[in-house]
Amino acid sequence: MARRRALVTGAASGIGAACATRLAADGIDVVTADQAAGADERVDVSDEQSVVALRDRVGAVDVLVNSAGIVGPSAPLVDLDLTSWRRTFAVNTDGTFLMCRAFAPAMVRHGWGRIVNVASIAAKDGNPAQSAYSGSKAAVIALTKSLGKELATTGVLVNVVAPAAVVTPMNATTDPAVLARSQSLTPMGRFGTAEEIAELIAWLSSDAVSFSTGAVYDASGGRATY
Ligand SMILES: NC(=O)c1ccc[n+]([C@@H]2O[C@H](COP(=O)([O-])OP(=O)(O)OC[C@H]3O[C@@H](n4cnc5c(N)ncnc54)[C@H](O)[C@@H]3O)[C@@H](O)[C@H]2O)c1
């Protein structure tokens with residue numbers, strides 16, 4: 001069998017970078033993409049033309065991991081400006097939509113594919129002072145459920161992971177009070193690591209998964225209760 005190809009967004013940092021390393025260890029040819037330097041390909045996932053150009057450069061892939069994301073503003077909803085709100089949704093929600101729309105059709109033509117989106121425990125719980133982030137990630141869960149059902153008989157499985165707080169550069173800019181609250185809500189009493197999330201994503205990117213699609217997989221140290 002030919003080696004599989006994977007595309008990982010947000011792969012210059014954090015969970016995306018850990019996914020690229022972990023998928024490569026499974027013998028997959030990994031293409032990394034990011035808005036920042038340090039990836040094979042530059043892309044702004046919130047920009048339709050940028051995503052289409054990435055698809056034209058990279059071509060078909062068997063596995064797509066959508067890890068690019070931003071935490072957005074940490075402030076009460078009533079204090080948010082519309083520009084920050086929209087930017088958070090543009091990256092997290094539009095970006096996931098655009099990447100799925102660009103890369104799913106070739107997977108369907110090949111009769112096999114795995115898409116793994118990255119949401120957050122915030123999508124389920126609704127973190128205070130993170131309404132834009134929480135809302136944008138809730139939309140990622142819902143669009144994953146829709147696409148999973150749409151592609152259910154094609155061989156392309158679409159799932160989403162919902163991590164609690166993970167030690168990555170993203171949290172360097174998160175309000176310490178938000179992080180402290182997150183840790184206090186986590187029964188294991190610690191943050192996750194990018195490698196722990198990548199392990200779950202590698203499994204969801206493999207043949208080992210055959211009867212799950214449109215499903216949400218928690219990696220939350222026991223925090224998620226549904
Ligand atoms: N770190 C956490 O606590 C945590 C928890 C739950 C979910 N997540 C989610 O995991 C994913 C990865 O987060 P991380 O912790 O690795 O963060 P990170 O900041 O370390 O990495 C995110 C990467 O996405 C890239 N990116 C941002 N906007 C982009 C754009 N428009 N186009 C292309 N690339 C862009 C950044 O350049 C960066 O390299 C995100 O979707 C995040 O919301 C993170």
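**Exercise 1.** How far is a nitrogen atom of the ligand from a polar backbone atom of valine 43?

*Solution.* The model is a predicted one. In it, the distance from a ligand nitrogen atom to a polar backbone atom of valine 43 is 3.4 Å. A polar backbone atom of glutamine 35 is 3.2 Å from a nitrogen atom of the ligand. Tyrosine 133 takes part through its side chain: a polar atom there lies 2.7 Å from a ligand oxygen atom. Of the 820 Å² of accessible area that the ligand has on its own, the protein covers 92%.

**Exercise 2.** State how many residues surround the ligand, and name the closest.

*Solution.* The ligand is surrounded by 30 residues. The closest are Ser13, Asp34, Tyr133, Lys137 and Thr168.

**Exercise 3.** Classify the ring pair of tryptophan 203 and tyrosine 217, and place both residues in the chain.

*Solution.* Step 1: the structure holds two aromatic pairs. In the pair of tryptophan 203 and tyrosine 217, the ring centres are 5.7 Å apart and the planes stand at 75°. Step 2: planes over 60 degrees apart count as edge-to-face, so this pair is edge-to-face. Step 3: tryptophan 203 belongs to helix α7 (residues 194-204) and tyrosine 217 to strand β9 (residues 216-219), so the pair links distant parts of the chain, 14 residues apart.

**Exercise 4.** Is tyrosine 217 buried or exposed?

*Solution.* The relative accessible area of tyrosine 217 is 17%. Buried means under 20%, so tyrosine 217 is buried. Tryptophan 203, at 37%, is partly exposed.

**Exercise 5.** Which ring face does arginine 4 lie over?

*Solution.* Arginine 4 lies over the face of tryptophan 112, 3.5 Å from the ring centre. Lysine 124 lies over the face of tyrosine 226, at 5.0 Å from the ring centre.

Note on methods:
Residues are numbered from 1 along each chain as its sequence is written. This is a predicted model: local features need pLDDT of at least 70, side-chain atom pairs count only at pLDDT 80 or more; totals for chains, interfaces and linings use all residues. Side-chain values use heavy atoms; hydrogens and water are left out. Rings of Phe, Tyr and Trp (its six-membered ring) pair if their centres lie within 6.5 Å; planes under 30 degrees apart count as stacked, over 60 as edge-to-face and the rest as tilted. Helices (H or I, at least four residues) and strands (E, at least two) are DSSP runs, numbered from the N terminus. Buried means under 20% relative accessible area, exposed over 50%, partly exposed in between (1.4 Å probe, protein chains only). A charge sits over a ring if NZ of Lys or CZ of Arg is within 6 Å of the ring centre and within 35 degrees of the ring normal. A residue is near a molecule or strand if one of its heavy atoms lies within 4 Å of it. A polar contact is a pair of N or O atoms within 3.5 Å; within protein, one must be able to donate a hydrogen and the other to accept it, and residues adjacent in sequence count only if both atoms are side-chain atoms. Accessible areas come from the Shrake-Rupley method with a 1.4 Å probe; for residues, only the protein chains shown count as cover.
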